[in-house]
Amino acid sequence: AVQEIIKKEHPDSLLPNLGGQTGLNLAMELCENGFLEKMGVKLLGANPTTIAKAEDRQMFKDTMEKIGQPCIPSKVVETVEDALAGASDIIAEMISDNADIRSRLRDLISAKAVLKSEAATDEDSVYRLYYDFSQSIGKLQGHQILAINRGEKEDKLKVSVGLDRELALQNVRRAVIKPGSRAMAFVRAAADDAYDRLIWPSMERETRAALTDTACEGAIKMFALNLRPLLMQPPVKGKVTMGLDPGYRNGCKVAVVDGTGKVLDTAVVYPTFSAGKKAEAIRILSGLVRKHNVEHIAIGNGTASRETEQMAVEMISQLGGGLSYAIVNEAGASVYSASKLAAEEFPDYDVNLRSAVSIARRLQDPLAELVKIDPMAIGVGQYQHDMPQARLEETLTGVVEDCVNAVGVDIN
């Protein structure tokens with residue numbers, strides 16, 4: 001029809017911009033098949049090359065993605081089947097981005113989902129309790145979540161979140177399908193695809209992340225709860241104290257400090273080696289007790305602590321009493337003894353002897369001694385290295401500051 005009009009009217013030019021997309025398509029077709037050139041008709045405005053580039057949807061999409069600009073979901077297709085598949089993908093993405101659908105699924109997951117774990121190896125391990133584990137999301141304990149996460153990280157467990165697929169699909173379909181619509185089956189298939197391919201994998205990751213965040217927050221609170229009483233233990237000040245850092249191979253390190261924490265004497269004994277060595281250790285320690293009038297003994301609770309305690313009891317009995325002992329939490333003592341601060345404070349003492357000094361001082365004034373140690377090195381909770389380190393450090397440092405502020409500082 002347009003060709004007949006041009007043949008009859010013999011126009012000099014054609015303006016393709018008017019008439020919308022249909023007019024533009026007709027003008028380009030007449031130009032491409034050579035009709036306009038044959039009739040001597042020129043296109044006004046943009047030339048055919050520019051129009052072709054502007055109409056190339058794939059080129060436009062590629063350019064937008066290349067420069068990092070948002071682009072409406074689209075796909076260039078050549079067949080009806082490809083067009084339907086592309087439309088299905090677009091609908092699936094729209095359904096996946098629907099905030100109301102995701103909100104409903106979150107509620108459903110909280111109420112109905114379960115966390116499952118199974119063995120990822122035939123080998124026995126500390127995670128055997130979780131080799132065939134299933135628990136509803138709402139009943140999971142923080143320590144279970146952290147244990148399962150670590151087991152998965154160490155390739156001992158396979159973990160997944162389970163939810164009734166049909167129950168979840170009902171929520172998705174109900175939000176997007178219009179009963180009786182001619183496109184009902186098509187939209188239903190797109191909704192199922194959206195759930196399986198886009199929504200559920202995302203929701204499973206989101207659920208796992210939320211469980212981990214909750215578990216970590218609870219663990220960090222427990223760290224803080226455990227640290228406070230450790231720092232606020234009543235001090236045993238003004239008494240000469242003997243610190244014993246137990247050990248097997250390297251022996252038991254000994255340090256005697258006066259009432260102000262000043263080191264008076266040091267030694268190393270080997271009470272676990274043999275009965276003879278035990279008797280020798282008692283003799284050496286008894287001599288230090290008499291020499292410095294020791295009133296209290298602080299025994300670290302680490303390796304060989306029980307054997308060292310038995311030796312101390314025998315020694316006190318042989319001395320006729322008048323001497324008391326206490327088991328002291330030695331967490332972080334090794335970290336402190338190897339630190340720059342300890343080297344500056346005790347440049348003439350071996351690293352092992354510094355830890356014995358620290359143990360003695362912890363009995364005399366726990367807060368004053370423990371504030372020298374990074375609170376994260378004190379070890380007052382589980383899964384410390386799985387926590388968000390910045391958050392854990394902030395919380396524990398806050399507890400230390402609160403304790404110091406509560407007790408106060410002698411500026412003299």
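## Helix H10 and its neighbours

H10 passes H17 in a right-handed crossing. The model is predicted: local features need pLDDT of at least 70, side-chain atom pairs count only at pLDDT 80 or more, and totals for chains, interfaces and linings use all residues. Residues are numbered from 1 along each chain as its sequence is written, and side-chain values use heavy atoms, without hydrogens and water.

H10 and H17 pack at about 25°, with axes 9 Å apart. They are therefore roughly parallel (angles under 35 degrees). Axes here are lines fitted to C-alpha atoms over the stretch in contact, with angles from 0 to 180 degrees between N-to-C directions. Contact means heavy atoms within 4.5 Å.

| Helix | Residues that meet the other helix |
|---|---|
| H10 (184-231) | Glu217, Ile220, Phe223, Ala224, Leu227, Arg228, Leu231 |
| H17 (389-407) | Arg391, Leu392, Thr395, Leu396, Val399, Val400, Asp402, Cys403 |

The residues of this contact divide into 10 nonpolar, one polar and four charged.

H10 also helps to cover the buried residues of H6, as do H7 (99-112) and H9 (165-176). Those buried residues (under 20% relative accessible area, 1.4 Å probe, protein chains only) are Gly86, Ser88, Ala92, Ile95 and Ser96. H6 covers residues 80-96, and its end C-alpha atoms are 24 Å apart. That agrees with the 24 Å expected for 17 residues at 1.5 Å a residue, where the span is 1.5 Å times one less than the number of residues.

Elsewhere, His296 lies in strand S9 (residues 296-300). His296 is buried, with a relative accessible area of 18%. Its contacts include Val236, Lys239, Leu323 and Leu363. Val236 is 60 residues away along the chain, yet the C-alpha atoms of His296 and Val236 are separated by 8.9 Å.

Methods: Helix = DSSP H or I, 4+ residues; strand = E, 2+ residues; numbered from the N terminus. Buried < 20%, exposed > 50% of the residue type's maximum accessible area, 1.4 Å probe, protein only. Parallel < 35°, antiparallel > 145°, perpendicular 65-115°, else oblique. Left-handed = near helix turned anticlockwise from the far one by under 90°. Nonpolar A, V, L, I, M, F, W, Y, C, P; charged D, E, K, R; others polar. Lists of a residue's contacts leave out its neighbours within four places in sequence.
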